[in-house]
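Biologist: I'd like to learn how to read a ligand site and a few backbone oddities. Could you walk me through them?

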Amino acid sequence: MSDLKKIKEEFTQKLREKLNLSEINEIKSNLFGKNGLISSQFKKIGSIHENEKKKFASDLNIVKIELQDLINNKIKKIQNLEINEKLEKEKIDITLPERSFVRGKIHPVSQTIDKISSIFSEIGFSVEEGPDVENEYNNFTALNTPDNHPARDMHDTFYLDEKKERLLRTHTSPVQIRTMLKDKPPFKIIAPGRTYRSDSDQTHSPMFHQVEGLHIDKDVNMGHLKGCLNYFIKEFFEVKKIKIRFRPSHFPFTEPSAEVDIGYEIKDGKIVIGEGDKWLEILGCGMVHPNVLKNVKVDLAKFQGYAFGIGIDRLAMLKYGINDLRAFFDCDYRWLNHFGFDPLDVPTNYRGLSR
Ligand code: PHE
């Protein structure tokens, strides 16, 4: 038998066996490598007698192509097998039950801030923000609060240094100062945010929320203040009639000053707004004190206006029937699930406080 025939038979036989890729590659290099069996046959062509040369060359080419085809087919088969195995292994089993999906809830305080912001924006207020860590000047001095005022006491205020220069703001009123120092009148802003006082019981927590309001323009008076707050409270509680009481009060940064209470009663363990003979204080307000306007260089001959500070948590408690303020900040998942709001249900133009 000629060498060529032998090679062909031997390797055709071999390639019928079960082989892996590296075994096939070995066969490939045995045949077609630099010194491979087929390559060596090609080198022999030159030394073959003229009469046989043509036939030999053509036979050799045929064997070469046959063996190459065999090898390529074998490789393709193996690759297909691998792909099928992979597909089989990585198959998604659509009969598996779905994983449970938990959608978060909007905290009632965030919901309340959203609601307050959208009500005030409808009557021309824009939203400002200030930092939780304030300096003593913006929180007290610029707001006409004297050194001996009780709010300055360590028992009331969280100071951040020995010199009492930096503190956690005790109210949102410093945003009035920041706004008026930064821009020129008129001003018509609200400023919702976190505030801090050294206080803790069923209706007081060391961290709570307020929204400040400030409206400074020519001829803004106490009547505008009453009208604005009346409108806001009715919109917020979604009622036509509500009992509101303006009680004369005192704040160093407003003159005259008032506190506003709303009437409520408790029916079957639930708070009912606008009825009954109980009163709940929800905000402080007044006409901005001339000393404050002087401190921020607003021309007293031309401008005047009102300011108010509303306790957001109290409003949320009243509106959503929550009777312990501390629950807001306990981070109890079950509580939040019950009182929280669906995030897809929040019609608002204000996206909450920046975190
Ligand atoms: N800052 C006051 C407080 O925290 C509320 C207030 C704001 C009163 C603006 C008058 C004007 O009690």
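Modeller: Sure, let's begin with a polar contact, which is a pair of N or O atoms within 3.5 Å; within protein, one must be able to donate a hydrogen and the other to accept it, and residues adjacent in sequence count only if both atoms are side-chain atoms. Here, an N or O atom in the side chain of His 171 sits 2.9 Å from a nitrogen atom of the ligand. Ser 173 puts a polar side-chain atom 3.0 Å from a ligand nitrogen, and the side chain of Gln 210 has an N or O atom 2.9 Å from a ligand oxygen. Before you lean on that, note that this is a predicted model: local features need pLDDT of at least 70, side-chain atom pairs count only at pLDDT 80 or more, and totals for chains, interfaces and linings use all residues. Residues are numbered from 1 along each chain as its sequence is written, and side-chain values use heavy atoms, with hydrogens and water left out.

Biologist: How much of the ligand's exposed area does the protein bury?

Modeller: Accessible areas come from the Shrake-Rupley method with a 1.4 Å probe; for residues, only the protein chains shown count as cover. On its own the ligand exposes 320 Å², and the protein buries 91% of that.

Biologist: Which strands supply at least two residues each of the shell around the ligand?

Modeller: Strands (E, at least two residues) and helices (H or I, at least four) are DSSP runs, numbered from the N terminus. The strands you want are β5 (207-217), β9 (278-288) and β10 (304-311). β10 gives the largest share, three residues.

Biologist: What kinds of residues make up that shell?

Modeller: Ala, Val, Leu, Ile, Met, Phe, Trp, Tyr, Cys and Pro count as nonpolar, Asp, Glu, Lys and Arg as charged, and the others, Gly among them, as polar. The shell has five nonpolar, seven polar and two charged residues.

Biologist: Now the backbone. Where is there a cis peptide bond before Pro 186, and in which loop is Pro 186 placed?

Modeller: Most residues other than glycine have a negative phi, and most peptide bonds are trans. The bond from Pro 185 to Pro 186 is cis, with omega near 5°, and Pro 186 is in the loop between α7 (174-182) and β4 (187-196). Another cis bond runs from Glu 255 to Pro 256, with omega near -5°; Pro 256 is found in strand β7.

Biologist: And what is phi of Lys 297?

Modeller: Phi of Lys 297 is near 60°, a positive value in a residue other than glycine. You'll find Lys 297 in the loop between α9 (290-295) and β10.
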